[in-house]
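Hello,

Here is the structure I promised to hand over. My notes on what turned up follow below it.

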Amino acid sequence: MKKNAIVPKKIKGTILAFLLCSVFLGPLHAKENNADITVIVSSQIRPYVMALEGLRSSFRQPLTIYYLNSNPELIRHHLSRKYYDPVIAIGPEASILVWSTLNPDDKKIALMVLDPQKLLADPEPCGVDLRIPIKDQIYLIKQRLGERRKIGILYNPVENREWIEQAQKEGADLGISVIPLPVHKRHEITKVLSSAYQNIDTLLFIPDSTVISMALLSHLVKDALLHGIAVVGYNHFFIEIGAVLAFNIDYERVGILGAKLAKDILSGSQCGLSSPPFEVEWNEKAWKTITEYLSSVGGASGSEGEVP
């Protein structure tokens with residue numbers, strides 16, 4: 001370019017924008033790349049490994065990774081002696097260790113944990129909750145299965161009373177009836193569900209330690225199907241045993257979201273609790289079985305909508 005050449009205003013603006021980005025974003029990238037990020041993983045089960053892979057794929061620098069089942073006391077010792085920025089826990093056991101070892105003001109993130117506020121006794125934890133918001137679940141059930149559904153939910157009140165109350169509120173707002181089916185012991189489940197068949201047309205399973213046996217779930221889903229009840233579950237296993245709909249959490253994307261939260265912390269932003277990324281899985285065969293059953297007994301099934 002000649003010494004006295006005139007630079008067009010558009011090019012000047014582009015150059016200025018580039019320089020400003022370099023000035024303000026450069027230190028942030030440097031801080032992110034130089035951060036000492038430590039990851040504590042509860043165990044090497046597939047969901048945790050997938051979350052870890054999503055996490056690692058989002059950082060340029062290597063991460064310091066400890067597996068809790070190898071030597072928990074040694075990990076606790078390391079955490080108590082050195083400052084980390086931040087510590088990311090994958091799984092409930094790892095999260096409990098991190099929250100019990102570090103100071104309240106230390107930067108820490110919990111991934112792959114159900115109801116972290118309760119588990120960690122922290123009203124404002126940073127991380128990703130494995131609990132899919134009930135409003136989203138009811139909305140998608142209404143979209144796919146039709147209007148005016150009557151959704152029964154098996155649950156232990158000690159564990160999920162507040163969640164069920166929220167489900168009833170969200171259901172009422174969407175024109176859906178949520179019918180609580182409380183059980184305190186596993187042996188009560190079959191009797192409670194059999195009595196509820198006449199009052200429900202949908203059975204939504206939620207994570208609950210009382211209703212967790214794979215053999216029991218398989219029996220309950222098949223029995224509900226024989227009664228024309230549409231079952232909705234919270235992972236792909238439910239589709240395999242006859243559920244019409246399942247909400248499947250994407251564990252790798254949980255890790256990617258965890259990396260974003262870590263970068264937010266490093267940039268000085270506030271970090272709260274995020275909902276899990278998930279996909280909706282549909283079982284056309286099970287839905288056809290239900291609609292055929294309802295037609296044979298003179299019932300009416302809801303109209304199928306579209307998943308967004």
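Of the 308 residues in the protein chain, 46% are buried. Please keep in mind that this is a predicted model. The chain holds 12 helices and 12 strands. Its exposed surface comes to about 16400 Å². Carbon and sulfur atoms supply 55% of that area. Now the contacts with a separation of 6 or more: residues 24 or more positions apart account for 69% of them.

The pockets

Start with the largest pocket. It encloses about 1000 Å³ of space. Its lining counts 34 residues. Nearest the centre of this pocket are L130, P207, Y234, N235 and Y251. By class, the lining has 24 nonpolar, 5 polar and 5 charged residues.

Which elements supply at least two residues each of that lining? The helices are α2 (46–56), α7 (157–173), α9 (214–226) and α10 (236–240). The strands are β4 (108–113) and β10 (245–249). The largest share, 4 residues, comes from α2.

Then there is the second largest pocket, with a volume of about 400 Å³. It is lined by 18 residues. P104, D105, D106, K107 and C126 are the closest to its centre. Its lining divides into 8 nonpolar, 4 polar and 6 charged residues.

Helices α3 and α4

Next, look at T101 and L79. T101 sits in helix α4, which covers residues 92–101. L79 belongs to helix α3, residues 72–81.

Is T101 buried or exposed? T101 has a relative accessible area of 17%, so it is buried. Its side chain makes a polar contact with the side chain of R76, at 3.1 Å. A polar atom of the T101 side chain also lies 2.7 Å from the backbone oxygen of L97. Set aside the neighbours within four places in sequence, and T101 is in contact with R76, L79 and S80.

L79 counts as buried because its relative accessible area is 3%. Beyond the neighbours within four places in sequence, L79 is in contact with I40, Y84, V87, L97, V98, T101 and L102. Take L97 from that list. L79 and L97 are 18 residues apart in sequence, and their C-alpha atoms are 9.4 Å apart in space.

The loop after α3

D85 is in the loop between α3 and β3 (87–90). D85 is buried, with a relative accessible area of 13%. What does D85 touch, not counting residues up to four places away in sequence? The partners are A35, D36, I37, K107 and L266. One of these, K107, is also among the residues closest to the centre of the second largest pocket.

Strand β6

G152 lies in strand β6, residues 150–155. Its relative accessibility is 0%, so G152 counts as buried. Neighbours within four places aside, G152 is in contact with I179, L181, I200, T202, L203 and L204. P180 is 28 residues away from G152 along the chain. Even so, the C-alpha atoms of G152 and P180 are separated by 5.9 Å.

Two positive phi values

Two residues deserve a look at the backbone. Most residues other than glycine have a negative phi. M112 has a positive value, near 60 degrees. A121 has a positive value too, near 50 degrees.

Where are they placed? M112 is in strand β4, one of the elements that help line the largest pocket. A121 is in the loop between α5 (116–120) and β5 (127–129). Are they buried or exposed? M112 is buried, at 3% relative accessibility. A121 is exposed, with a relative accessible area of 68%.

Where to begin

If you are short of time, open the largest pocket and find Y234, N235 and Y251, which are among the residues nearest its centre. Then go to T101 and its polar contact with R76. Finish with M112 and its positive phi.

Best wishes

Definitions and conventions: Residues numbered from 1 in each chain as written. Predicted model: local features only at pLDDT ≥ 70, side-chain atom pairs only at ≥ 80, totals over all residues. Heavy atoms only, no water. 1 Å grid on protein atoms, 1.4 Å probe; cavity = no way out; pocket = protein on both sides within 12 Å on 5 of 7 lines; lining within 4 Å. Points joined across faces, edges and corners; volume = space filled by probe spheres on them. Nonpolar A, V, L, I, M, F, W, Y, C, P; charged D, E, K, R; others polar. Buried < 20%, exposed > 50% of the residue type's maximum accessible area, 1.4 Å probe, protein only. Polar contact = N/O pair within 3.5 Å; in protein donor to acceptor, adjacent residues only side chain to side chain. Contact = heavy atoms within 4.5 Å. Areas by Shrake-Rupley, 256 points an atom, 1.4 Å probe, with all protein chains shown as cover.
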